[in-house]
Amino acid sequence: MVKRKIDSIISEDNDTKNLAENGDKQANEPNKDGKKRIKNLYRQPTVNELNRLQETENLFNSNLFRLQVEEILEEVKVKEKVEKKLQLWLVDLKTHLQSIGEDNKEYDLSEQILEKHLKVKLPISNKLKKTKCMFKFHKFTDIEIVGSYGLKCPINSKLRVDIQITVPAVTYTKNDSINYRYHKKRAAYLAVIASHLKNANIIEELKYSWPNGCETKPVLDFKPAGKLGNFVAVRIDLICEPEAYKLHRFSPSRNNLRETWLLEADNAESNVEVGPPSPYYNSSVLTDLTASENENYLREVLLKSENLKQAVVLLKIWLRQRKLQVSGHIVSMIVAYLVQTKRINNIMSSYQIIRNVWIALRTSEWDTKGISLHKGDNTPQLEEFLQHFPVVFLDKTGCYNVCWQMCKGTYDALKRECAISVEMLDNGKINSFIPIFMTPIRPLLQFDHILRFKNFSNIKQSVIATVPTQSRVNYGLDERTLVIDTLHALLTKGLGNRVNVILQLVDADLSWPVKIKPEKAKKDNAESISFGIILNPDTCFNAVEKGPPANLPEAEEFRAFWGDKSELRRFQDGSITETCVWEADSNIEQRGITRQIIDYLLKLKYRISSVFSYSEPMPPLALRPQNKPWQKGNCCLIKNSERATSMPQYTPVSKVIIELGHSGKWPGDIEAFRCLKAAFHLQIAERLNKQFEIPTQAYPTHFDVLKDGLVFRLAIAHPKEITLIRRQTDNGVVKFVESEESIELHYDTVVLPRLRGALHGLHQKQPSFGPAACLLRRWFCSQLLGSAMPEVTAELVVAAASMRPSPLPPTISPVALFARALTLLVETDWSQEVVTLDFNDDFTAEEISTLERQFSSREDKTPRMYIVTPYDGELPSAWSRHSPTPQVLVRVQTLAKSALQYLSSSLLEDMKENILPVFVPSLSGYDVIIHLEAALVPYYGERLDQTPRQRAPPASVIDDVIPVVEFHPVMRYLEELRSAYNEYAMFFHDAYGGDVIAVLWKPDVAETRDLQILNANALRPVVVDGETKYKINTQAIIEDFKHIGQGLVTHVTVNT
């Protein structure tokens, strides 16, 4: 970018050297001339300010994005005070390490002589006992600070300083490269350092660690003593001098791990037979041999550019929020590779660099073509690496694959997240910084399915017993990685194009004190693995898996893979192919096809049946009415319950709006208008009955129609009725004033149909929306908040969760979308944030900004749910204008937070297959509980403790009579209670079969008050300090509850 020349500046910096950044004078100089100070507020911009504005325009997404980037970089920067203390402490640590002396004695590592001498344990497992080698400690000469801190791009949160010690080449012999002799000597060398540090007073919490669960590559972790240890952790890692071995000795096609040593217990060391290639084992040695050259290359690239370092920091934050297992070293190598290929350069801003990195990763093909930092021809070809590794990224030497530990699922997830981030950057209507860098992604919200194994040890044994010998030799002693990669390959092949991503979720790091054996530490930390699965919405519900034609060689492979599930089928196009067919008669079974495939394959290949798959941990919801209104399928689960039938079966109605065209023949009086509407209702109902023989019943405001066992309530709507309600006459002057009646009619007849159409379109696009909205509505009702949270509001919350600009793309799992809706309720600051639903890009950025300004400038700052749609018109968020109240909203957030915690712990930790306890309310916080007669409660069969059952039809069926509709005694009782006692109490009830009404007294009920004629209801006299005062007579009100609900109320419980 071209900077402005000094001679083109509008105002000199010298003229403003005494001004602060906001244009004011510095505080230490008196303001002698007030006019001059005001004039400085409107001074012309300096050349630096103009250059900054131009840089923002050219190099950043927006000015706000640049400010946020600068703020987060400043926030994660290591504080100067910590930096100074850390530098002094590192000098002391290096001095202490340099004091380690030579040891000329040789130790046989197959015995415990060295451990007794050092008084610490060796950080190797018992699997290496059969490896025999002699170890002699040669003092190191090089101690380097590497990693993010050495490259000047650390993050102060969980700051870790990596110290790299180079082991002299003389420590190893020529044959130490085979059968883990190198690794055993490396572990012994680390134990010598640990023995020297264990009594040092400058460190604390000295532990061994296995990064990524690699049992053959231990490191030392500890913290500085004192307060510095609260901010910094230190890791010592060992590398080897490059002169120790030639790199081509560890090429992917070479073998350095003998098959006989790995699979046989006796006489393995003397066998010299060379087995299959061991690229994974070879990479574990190459990591140490190439570390020094790669670190020098990164320093050469990164240290000379501040923008590159800032970009690395931002990418690390981005990865940390997504919990992807991609190390900071790989991130730095990616940036260095793009600099080398001139995809990015030093002049670019940090925003441009990360954008180009994401674009490059989104379109990368590391799994099929690979990339390399090496430019020479004297190294193995990329094709050789691609035969042995799922992801290939060669380092500067051309012999070492930086991504040797990266699973294919991690790479696929990385590419997908890059594509999502670029898409959010290109969305000009949102502030993309928040979802990209500030929003953590949790597995519960991210994946459609989460696959976990209840007994990982059995899984491990089954997989290891069936994998080919070549794979076992390749992975060596790293059995966990062998199992993960094998299962991932099986799931990838079995699910095919049904999934977009299969990501392994493994927390493999293990740490333990240096005086404890690793076997004891492993007993205390049970192994577990999970797989997060993101489905492909276009193909995941296909019940038929078509294979190759029967006459092709691939058909035999297909039959071998699928076993008895494979069968020959002829299709309508005349093709005859191998096919697998899965059960998918209902929507629930369609969503469970993935689970069927996983269960079948694991049982077929490894005889594994105890698999926990979080796919649909939710029983079926309430069934819709059947063909006849009296045939009602009752819903959910657990117990059998007999219930008397002493009232008509509850029959709901479906409301339909008939919108008539504009006409000047409608009367101008509201009463005459309504009479004409009533006549229309009578005529339409009569003609439907005569012409189509459909049972109808007309009323002045609507007419009911019975069709196929369902009752529809139709009403005529016309815009003129709203205008007539608004019209008022004041002294002969006609005015149009909004009233509650006009607003309600407008939204019921005009806005609501449009909104229903938009929500239906959203459901067509995202099939999980409808079931998730039912779940959230059911959850509100189960927590006794159904009346406080209108049905439309619950649907809008789910729509906002599915459409909000977040790092989570749409999900096809209703349970995942339900969890996202709960997260939206919890994390949204309803006192300051506006939620906009832009269904068809109807809102412009200016309109959204206007809505946010109007909301922030309102007089009442109490929290309220402000959800705006393009159809709201002049009264945004009319659906939540009265409810939920601020108190109910706080209650909803508290309950949603607890529900999310339970979902996370039960599904991801305890591996429960049923999450119905989320829908069980707590009644402990209410003052009075009114118990109802179960036989008179509609929807009682849809309680959680009921078993689905089918009612038998009555003996005599009348098809031409509309049944009793919407007869709900509990709701009528609630209406009376709220009408009479709304001043004193709040009433809560579960509309889906709840047999209790919870009562909460308002806070002022316990207060004393004076007797007033206009407000003397429900008072009783009390004596306070010798004076007669009055309080609310709660006991009498409770008795009224019983009398009003006589026959419906069984008893009333008062909580004390």
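# Walking through the model: questions and answers

Trainee: Does Glu-795 count as buried or exposed?
Mentor: The cut-offs decide: buried is under 20% relative accessible area, exposed is over 50%, and partly exposed lies in between (1.4 Å probe, protein chains only). Glu-795 has a relative accessibility of 13%, so it counts as buried.

Trainee: What kind of model is this?
Mentor: Residues are numbered from 1 along each chain as its sequence is written, and side-chain values use heavy atoms, with hydrogens and water left out. Local features need pLDDT of at least 70, side-chain atom pairs count only at pLDDT 80 or more, and totals for chains, interfaces and linings use all residues, since the model is predicted.

Trainee: What pLDDT does the chain average?
Mentor: pLDDT is the predictor's confidence in each residue, from 0 to 100. In this chain, 89% of the residues score at least 70. The average is 84.

Trainee: Over which residues does pLDDT stay under 50, with 42 contacts beyond four places in sequence?
Mentor: A contact means heavy atoms within 4.5 Å. Residues 951-957 also stay under 50, but the model has ten such contacts there. Where pLDDT is low, the predicted coordinates should not be read in detail. The stretch with 42 contacts is residues 1-32.

Trainee: How many helices and strands are in the chain?
Mentor: Both are DSSP runs, numbered from the N terminus: helices are H or I with at least four residues, strands are E with at least two. The count is 33 helices and 31 strands.

Trainee: Which strand has the highest mean pLDDT among the elements?
Mentor: The lowest mean, 56, belongs to strand S17 (residues 611-614). The highest, 96, belongs to strand S9.

Trainee: What share of the residues is buried?
Mentor: The chain has 1056 residues. The buried share is 48%.

Trainee: How many residues are in the largest nonpolar core?
Mentor: Such a core is a set of buried Ala, Val, Leu, Ile, Met, Phe, Trp, Tyr and Cys residues joined through side-chain atoms within 4.5 Å. Leu-93, Ile-193, Phe-437, Leu-776 and Trp-779 have the most contacts inside the largest one. A second, separate core of 26 residues includes Ile-930 and Val-1052. The size of the largest core is 247 residues.

Trainee: Which tryptophans are in contact with Phe-437?
Mentor: Leave aside neighbours within four places in sequence. The contacts of Phe-437 then include Phe-65, Ile-72 and Leu-314. The tryptophans are Trp-318 and Trp-358.

Trainee: Which residue forms a salt bridge with Lys-127?
Mentor: A salt bridge is a side-chain nitrogen of Lys or Arg within 4 Å of a carboxyl oxygen of Asp or Glu. Here the closest N and O atoms are 3.6 Å apart. The partner of Lys-127 lies in helix H19 (residues 479-495), 352 residues away in sequence. That partner is Glu-479.

Trainee: Which lysines are in the network of salt bridges with Glu-215 and Glu-479?
Mentor: A search of the whole structure finds 38 salt bridges. The network links Glu-215 and Glu-479 with Lys-127, Lys-460 and Lys-522.

Trainee: Why does the salt bridge of Glu-795 and Arg-756 tie together separate parts?
Mentor: Their side chains meet at 2.4 Å, N to O. The two residues are 39 apart in sequence, so look at where each one lies. Glu-795 is in helix H28 (residues 791-803), and Arg-756 is in helix H26.

Trainee: How far apart are the end C-alpha atoms of helix H24?
Mentor: The expected span of a helix is 1.5 Å times one less than its number of residues. Helix H24 (residues 670-692) has 23 residues, so it should span 33 Å. The distance in the model agrees, at 32 Å.

Trainee: Which alanines are buried in H24?
Mentor: Phe-673, Lys-677 and His-681 are among the buried residues of H24. What covers the buried residues includes helix H25 (719-726) and strand S21 (710-717). The buried alanines are Ala-678 and Ala-685.

Trainee: What is the phi of Glu-693?
Mentor: Most residues other than glycine have a negative phi, and most peptide bonds are trans. Glu-693 lies in the loop between H24 and S19, and counts as exposed at 69% relative accessibility. The phi of Glu-693 is positive, near 55°.

Trainee: Is the peptide bond from Ser-883 to Pro-884 cis or trans?
Mentor: Pro-884 sits in the loop between strand S25 (867-868) and helix H31 (886-908). Omega is near 5°, and the bond is cis.
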